Amino acid sequence: MSEAGPRRIWLCADDYGISPGVNRAIRELLTMGRINATSVMMVGPAIGRDEVKALTAAAESQPGAAIGLHVTLTAPFYPLSLHFAPLAGGMFLPLAKKLQSSLLRRYDREIVRAEIAAQLAAFKEAFGRLPDYVDGHQHVQLFPQIRDAFLSAVQRAAPHAWVRQCGRNQALTRRLSQPKALLLDSLSVQFRARAKRAGIAFNPGFAGAYDFGRTSDFGAHMRDFLDGLPDGGLVMCHPGYVDQTLISLDPVTDQRERELAYLAGDAFPRLLAEQQVRLS
């Protein structure tokens, strides 16, 4: 162990509420101490009272575990607020169109802020408290226009929550080989600057983006994610059991079970020890 001691990081499982199988996997990993945070989709189909109660119990079994809000603004999900626009068939726009519309500045900031505020209010009603942190499904919190509405909503409704930025702490030569993660790096620059001006805390480092391909070795990815991640940094993950609800809503299916198997297995705690990383 180094003189500085181990790094404590956040290992956050996204998408609690998207399906019963994903929920069950996340609760199992929380109880095992293999993750220490999860982000909840309040517009998901599997976020009823029993699912909230079970998640709260699982998080309480692990001191320091955090439950956050996973702000969701993309299809195939529906808004909670009455006047959100633009929509497609009553649903949010798909990811590509959402990003395009934000780049072209086609959103009304107050309408977007009202939807995020509605999701924050739904979280508070369900859990009896505000979220520990707030992030975004498919990284929508980073998009132009949306980021301003997002930070405004958090500042007003949950001023003590921190937010997720998605910029990495790796050398440029390594970052250039991963186009998706490089885009997140770029979008995060302005997000961090705006969050800092608003006095909103954010994670100092980020990892977890990869192509979700069937041949991806999640153990190898995790080793790469931890390399250079600072104390307080965040790794996102997407563990879950595949069920019909998940298949109907999200293209990331089988890879969730591979992530779950790795995180629940023996190799993961060995990697944490080797990298001097802890989750509690």
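Buried, on this tour, means under 20% relative accessible area. Keep that cut-off in mind as you click through this predicted model.

**Stop 1: lysine 98**

Start by selecting lysine 98, which sits in helix α3, residues 95-103. Is this lysine buried or exposed? Its relative accessible area is 0%, so lysine 98 counts as buried.

Now show what surrounds it. Leaving aside residues up to four places away in sequence, lysine 98 touches Leu73, Thr74, Phe84, Phe92, Leu93, Tyr107, Val140, Phe143 and Ile146. Pick valine 140 from that set and draw a C-alpha to C-alpha distance: lysine 98 and valine 140 are 8.3 Å apart in space, with their positions 42 residues apart in sequence.

**Stop 2: two cis peptide bonds before α3**

Next, select the loop that runs between β4 (66-71) and α3, and look for proline 76 there. The bond joining alanine 75 to proline 76 is a cis peptide, with omega at about 10 degrees.

Stay in the loop between β4 and α3, where you will also find proline 86. Which form does the peptide bond from alanine 85 to proline 86 take? That bond is cis, and its omega is near 0 degrees.

**Stop 3: positive phi in the loop before α5**

Move on to the loop between β5 (133-136) and α5, and select histidine 139. Histidine 139 is not a glycine, yet its phi is positive, near 65 degrees. With a relative accessible area of 9%, histidine 139 is buried.

Glutamine 145 belongs to the loop between β5 and α5 as well. Glutamine 145 is another non-glycine residue with a positive phi, about 70 degrees. Its relative accessible area is 14%, so glutamine 145 is buried too.

**Stop 4: α4 against α5**

From that loop, carry on into helix α5, residues 146-157, and add helix α4, residues 109-127, to the selection. The two axes come within 8 Å and cross at roughly 45 degrees. That angle makes α4 oblique to α5. The crossing is right-handed.

To see the contact itself, show side chains on both helices. On the α4 side, select Arg109, Glu110, Val112, Arg113, Ile116, Ala117 and Leu120. They meet Ile146, Asp148, Ala149, Phe150, Ser152, Ala153, Val154, Arg156 and Ala157 of α5. Colour by class and this contact divides into ten nonpolar, one polar and five charged residues. One of the α5 residues, Ile146, may look familiar: it is among the residues that lysine 98 touches.

**Stop 5: α1 against α2**

For another helix pair, select α1 (residues 20-32) and α2 (residues 49-60). Their axes come within 8 Å and cross at roughly 20 degrees. This makes α1 roughly parallel to α2. The crossing of α1 and α2 is left-handed.

Which residues of α1 and α2 meet? Pro20, Asn23, Arg27, Leu30 and Thr31 come from α1, and Glu51, Ala54, Leu55, Ala58 and Ala59 come from α2. By class, the contact has six nonpolar, two polar and two charged residues.

**Stop 6: α8, α10 and an aromatic cluster**

Finish with helices α8 and α10, whose axes lie 9 Å apart and pack at an angle of about 65 degrees. The two helices are therefore roughly perpendicular to each other. Their crossing is right-handed. Here Phe218, Gly219 and Met222 of α8 meet Gln255, Glu259, Tyr262 and Leu263 of α10. This contact counts four nonpolar, two polar and one charged residues.

Keep two of those residues selected and look at their rings. The model has eleven aromatic pairs. In one of them, phenylalanine 218 and tyrosine 262 have ring centres 5.9 Å apart and planes at 80 degrees, so the pair is edge-to-face. The pair links distant parts of the chain, 44 residues apart: phenylalanine 218 is in α8 (residues 218-226) and tyrosine 262 in α10 (residues 254-264). Both phenylalanine 218 and tyrosine 262 are buried.

As a last selection, widen the view to Tyr210, Phe212, Phe218, Phe225, Tyr262 and Phe268, which form one aromatic cluster.

Note on methods
Residues numbered from 1 in each chain as written. Heavy atoms only, no water. Axes fitted to C-alpha atoms, helices over the stretch in contact; angles between N-to-C directions. Helix = DSSP H or I, 4+ residues; strand = E, 2+ residues; numbered from the N terminus. Parallel < 35°, antiparallel > 145°, perpendicular 65-115°, else oblique. Left-handed = near helix turned anticlockwise from the far one by under 90°. Contact = heavy atoms within 4.5 Å. Nonpolar A, V, L, I, M, F, W, Y, C, P; charged D, E, K, R; others polar. Phe/Tyr/Trp six-rings, centres within 6.5 Å; stacked < 30°, edge-to-face > 60°. Buried < 20%, exposed > 50% of the residue type's maximum accessible area, 1.4 Å probe, protein only.
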